[in-house]
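Reader: Hello! Could you pick out a single spot in this model for a close look, and then walk me from there through the other places worth examining?

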Amino acid sequence: MQQDSGIWSRMRLKFGHEVRSTYREHKLFWIATILIWLKTYLAYMFFFDVPVTNSAQAFILLINPISSALFMFAFSFFFRGNAQKWFIYGTLFVATLILYADIIFFRFFNDYLTLPVLFQTSNAETVSASLTSLLTWKDLLIVGDLIALPFFLRKIDMSKAVASRGRAILAFVSAAVVFLGNLTLAETERPELLTRAFDRELLVKNIGTFNFHMYDALIQSKTSAQKAMADSSELSDVQNFVGTKHAAPNPAMFGKYEGKNVIVVSFESAQSFAVGMKSTNGEYITPNLNKLIEESHYWENFYHNTGQGKTSDAEFILENSLYPLGRGAAFFTNAENEFRATPEMLKEDGYYSAVFHANNKSFWNRDVVYNNFGVDRFFSETDYELGNPDDMTEWGLLDDAFFEQSLPMLKDLPRPFYSKFLTLTNHYPFEMPKPEHELVPPLETSSTTLNHYVQALAYQDMALGKFIDGLKADGTWDDTIFILYGDHYGISTNHNAAMAELLEKDELTAYDVAQLQRVPFVIHLPGQKKGKTHDDVSSQIDIKPTLLHLLGKDYKDEIMFGTDLFSKQHKDYALFRDGSVITDEIVYTQETCFDRETGEELAAADSALCKESTKTSEKELGLSDQVIYGDLLRFLQRTN
Ligand code: GP9
Ligand code: MN
């Protein structure tokens, strides 16, 4: 006992001595470690807008940058002299760049950067167009030291700094100890943190940005291995699951529109809250969509299921009725998989398929993916007259010009056709190029983004109206199933305060945020004059099964996670990519259970309902991921 405490106190003394002498001899190591710690913390405070609800979370947030900072600078002890100095500066430089990239990405997408998204280099060009509007003076908090430091560094002479393997080990061990402590705290705060990888916000909040990137890299290598190791037996689990979900077609609708053309419009960033809403001058924001709804089937409780892949995720869901991925965009990570996408399936029935999008063909890897999906013709930027740059948004051609130029191309397509139009005008930052493009006045909330959003949406709506008129004029309308869906939210949670003002609420609850994920969904059937508004809880995953049944295509042998919205067996259900679940009774989101009708938080006893739904929903997301990561559809035996 005596001896034990002797050893302990000697170790303590030695440790204290080492830390003191590292401080004396390696001041720069400490300065850099503290700088990265501080900058990451400042980024949490000023840029990432990380929600903190209790003091334990605040503490975790404060300490989570330490382990990675110690870890990255620990390598400097392998260098001696001025090499040590420049290694530290170089590491600080690279780490800062990563942090800054995270910040800019977050500003744009309100999400954290992952490896698959990072390698989508073809996006960089288009994103850089909006870059200037994404930089602010506050950014100097993050990058300012990089500019200032070299002046000091030149004066600091480190020619006598020694390399020390012992100190490197000490720093690595300290990093590991701090990390384990951090992780234990985080796991107590949020059990199963690492297994539920699809919630990036929770991860960053708990283990810090740099550790999150390392974790992401590990996952990435795991998914590559998954495909190599997957075998056909995994498919049967998935088949059983989707088999039990399958909803039999409604005999009154099945095959009723066999052989009709199909037009699908992806309505950029359109959210249901704006449908039927008026701007400050009393005029409707989306008069044309409102009119379309009056004469079509409309689902008012229809949600998006998209993740990081945004528009491309919505397309992925539309064409496959699979969930998008929790990290990255399937359009990039799994572009070459075997799929049974709608264009390919309809080809069996003599359909010709085309996509119209006035943007670069390789953006979001679309050219590669469409080819794999069986799309016959992709009309992209080079097929359009781009005209005067003043008449374009940062994202390309305005939607009215896009539709106007597309109409003759559509008319020339072999029939029947399956076509998709991707609109663009209503895209962040929602600024219209000229005052004459502003069809309604801006809103008057505290968020300029939200205020301009309705103007961009109004323009997109005007373009939609003209497009429908054009289709009616050339006779296509009567022979076509016309589908419109909002691809994903346009107004992120960064604008919750302004959104609360608009919706006349004190503040938005997690329930409100979930309800804001509703996007418009319309099906106009050939010859339809009278509309019908459905209140079923539904989501993008249901579009494909609904369409296939209308066209008389039985999909029992295929792998699809959605169900036909006209089927009498369709259940009220929407599952978000972050694991939130909505049924006829509940809204489960942000780990809280709400009554769907009233928005009241449910008492613990009642929230058993939520637990039940999360079990199946996590399984569902997991199986859908398995299909994609394991490329399981290559094992599908087809009966036809
Ligand atoms: C542009 C389209 C829009 O081609 O993908 O981008 P997103 O809505 O995904 O940011
Ligand atoms: Mn989009």
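**A close look, starting from Arg634**

Author: With a relative accessibility of 36%, Arg634 counts as partly exposed, because buried would need a value under 20% and exposed one over 50%. Please keep in mind that this is a predicted model. Arg634 belongs to the segment that comes after helix 22 (608-629). Leaving out residues up to four places away in sequence, Arg634 touches Lys227, Ala230 and Glu338. There is also a long-range pairing to look at: Arg634 and Asp231 are separated by 403 residues in sequence, yet their C-alpha atoms are 9.7 Å apart in space.

Stay in that segment for a moment and find Asp631, which is also placed after helix 22. Asp631 has a positive phi, near 50°, although it is a residue other than glycine. In general, most residues other than glycine have a negative phi. Asp631 has a relative accessible area of 5%, so it is buried.

Ser321 is another non-glycine residue with a positive phi, here about 55°. You will find Ser321 in the loop that runs between helix 13 (310-320) and helix 14 (330-333). Its relative accessible area is 0%, so Ser321 is buried.

Now for helix 10 (209-229). Thr209 is part of this helix, and at 2% relative accessibility Thr209 counts as buried. Apart from residues up to four places away in sequence, Thr209 touches Thr40, Tyr44, Phe48, Leu99, Asp102 and Val204. Helix 10 also meets helix 3: their axes come within 7 Å and cross at roughly 70°. The helices are therefore roughly perpendicular to each other. On the helix 3 side the contact is made by Asn64, Ser67, Ser68, Phe71 and Met72, and on the helix 10 side by Phe210, Asn211 and Met214. Sorted by character, the residues of this contact are four nonpolar, four polar and no charged.

Go back along the chain to helix 9 (residues 200-207), where seven of the eight residues are buried, so this helix is largely enclosed by the rest of the structure. The buried ones are Arg200, Leu202, Leu203, Val204, Lys205, Asn206 and Ile207. They pack against helix 2 (27-48), helix 3 (55-74), helix 8 (165-189) and helix 10. After helix 9 comes Gly208, with a positive phi near 95°.

Helix 21 can be read in a similar way. Eight of its eight residues are buried, so helix 21 is largely enclosed by the rest of the structure. Those residues are Ile543, Lys544, Pro545, Thr546, Leu547, Leu548, His549 and Leu550. Just after helix 21, Gly552 has a positive phi of about 80°. Further along, Thr563 lies in the loop between helix 21 (543-550) and strand 13 (573-575). Thr563 counts as buried, at 8% relative accessibility. Setting aside neighbours within four places in sequence, the contacts of Thr563 are Lys245, Ala247, Asp542, Pro545, Thr546, Tyr555 and His570. Pro545 and Thr546 in that list are also among the buried residues of helix 21.

As a bench biochemist you may want to turn to the metal next. The manganese ion (ligand 2) is coordinated at 2.1 to 2.3 Å, and the residues holding the ion include Glu268, Thr311, Asp487 and His488. Thr311 contributes its OG1 atom and His488 its NE2 atom. The site has six donor atoms with angles of 57 to 167° among them, and it is irregular. Along the chain, the donors follow the spacing E-x42-T-x175-D-H. Glu268 sits in the loop between strand 1 (261-267) and helix 12 (287-294), and Asp487 in the loop between strand 9 (480-486) and helix 19 (496-502), so this pair ties together parts that are 219 residues apart in sequence. Glu268 and Asp487 are both buried.

Last, a look at the backbone. Most peptide bonds are trans. In this model, a cis peptide bond joins Arg415 and Pro416, with omega about -5°. Pro416 lies in the loop between helix 17 (399-411) and strand 8 (417-422). A cis bond also joins Tyr428 and Pro429, where omega is about 5°. Pro429 is placed in the loop between strand 8 and helix 18 (448-473).

Note on methods:
Residues numbered from 1 in each chain as written. Chains lettered and ligands numbered in written order. Predicted model: local features only at pLDDT ≥ 70, side-chain atom pairs only at ≥ 80, totals over all residues. Heavy atoms only, no water. Buried < 20%, exposed > 50% of the residue type's maximum accessible area, 1.4 Å probe, protein only. Helix = DSSP H or I, 4+ residues; strand = E, 2+ residues; numbered from the N terminus. Contact = heavy atoms within 4.5 Å. Donors = N, O, S within 2.8 Å, 3.2 Å for Na, K, Ca; no water. Tetrahedral: all angles 85-135°; square planar, octahedral: opposite > 155°, others 65-115°. Axes fitted to C-alpha atoms, helices over the stretch in contact; angles between N-to-C directions. Parallel < 35°, antiparallel > 145°, perpendicular 65-115°, else oblique. Nonpolar A, V, L, I, M, F, W, Y, C, P; charged D, E, K, R; others polar.
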